[in-house]
Amino acid sequence: MKKIEHEGVVEEVRGNQIKVKIVSESACASCHVKSACTMADSQEKEIDVESMENVKPGQHVMVVGTDSQGLKAALLAYVLPVVLVLVVLAVTYAVTGNENLSGFLSLLVLVPYFFTIKLAGKAMRKSFTFTIKTINE
């Protein structure tokens, strides 16, 4: 099983709950000509990790997840919404013949989809588990 690793900094430790801040960069952000391009993009994200590692705030660690978790996240965030939009668009247009209504409803269907994803947050946290490794500096 392939691993995905991101370097991060421990923000907070509460018992075995550790909050780690990572900087997520696109491939463009690490490019040597990124200053000449508007595509460079990086975001700070906070990851909650349950671990028994002995770490302190400010310490650099490696957050480790599995490749399959990345694929699952991409499926839920990108692939399924696009498929849902296309299905609703095709079915609504086939039934009504109205392009405006079909387009509106196909976009409107994303509201309950992402609301459901938000409500399922606790269940998703259980399926998206991360571990940390300390970095020896």
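How much space lies in the largest pocket? About 1400 Å³. Here a pocket is an open set of points on a 1 Å grid over the protein atoms alone, where a 1.4 Å probe fits, with protein on both sides within 12 Å along at least five of seven lines. Points are joined across faces, edges and corners, and the volume is the space filled by probe spheres set on them.

The model is predicted: local features need pLDDT of at least 70, side-chain atom pairs count only at pLDDT 80 or more, and totals for chains, interfaces and linings use all residues. Residues are numbered from 1 along each chain as its sequence is written, and side-chain values use heavy atoms, leaving out hydrogens and water.

**Stop 1: the whole chain.** Colour by secondary structure. Four helices and five strands appear, in the order β-β-β-β-α-α-α-α-β from the N terminus. They are DSSP runs, numbered from the N terminus: helices are H or I with at least four residues, strands E with at least two. Of the 137 residues, 22% are buried (under 20% relative accessible area with a 1.4 Å probe, protein chains only; exposed is over 50%, partly exposed in between).

**Stop 2: the pocket.** Select Lys45, Ile47, Ala73, Phe128 and Phe130. Of the 31 lining residues, these are the closest to the pocket centre; lining means having an atom within 4 Å of a point. Now colour the lining by type: 15 nonpolar, nine polar and seven charged. Nonpolar covers Ala, Val, Leu, Ile, Met, Phe, Trp, Tyr, Cys and Pro; charged covers Asp, Glu, Lys and Arg; the others, Gly among them, are polar.

Next, show domain 1 (3-28 + 42-67 + 127-134) and domain 2 (68-125). Both give residues to the lining, so the pocket lies between them. The bounds come from an automatic or database domain assignment.

**Stop 3: helix H1.** Select 67-96, one of the elements that give two or more lining residues. H1 bends by about 45° at Leu75, the angle between axes fitted to the seven residues ending there and the seven starting there. Then show its buried residues: Gln69, Leu76, Pro81, Val85, Val88 and Thr92.

**Stop 4: Leu101.** Go to helix H2, residues 99-108. Leu101 is partly exposed, at 33% relative accessible area. Add Leu89: twelve residues away in sequence, 8.9 Å away C-alpha to C-alpha.

**Stop 5: Thr129.** Finish in the loop between H4 and strand S5 (131-134). Thr129 is partly exposed, at 47%. Gly65 is 64 residues from Thr129 in sequence, yet 7.0 Å from it C-alpha to C-alpha.
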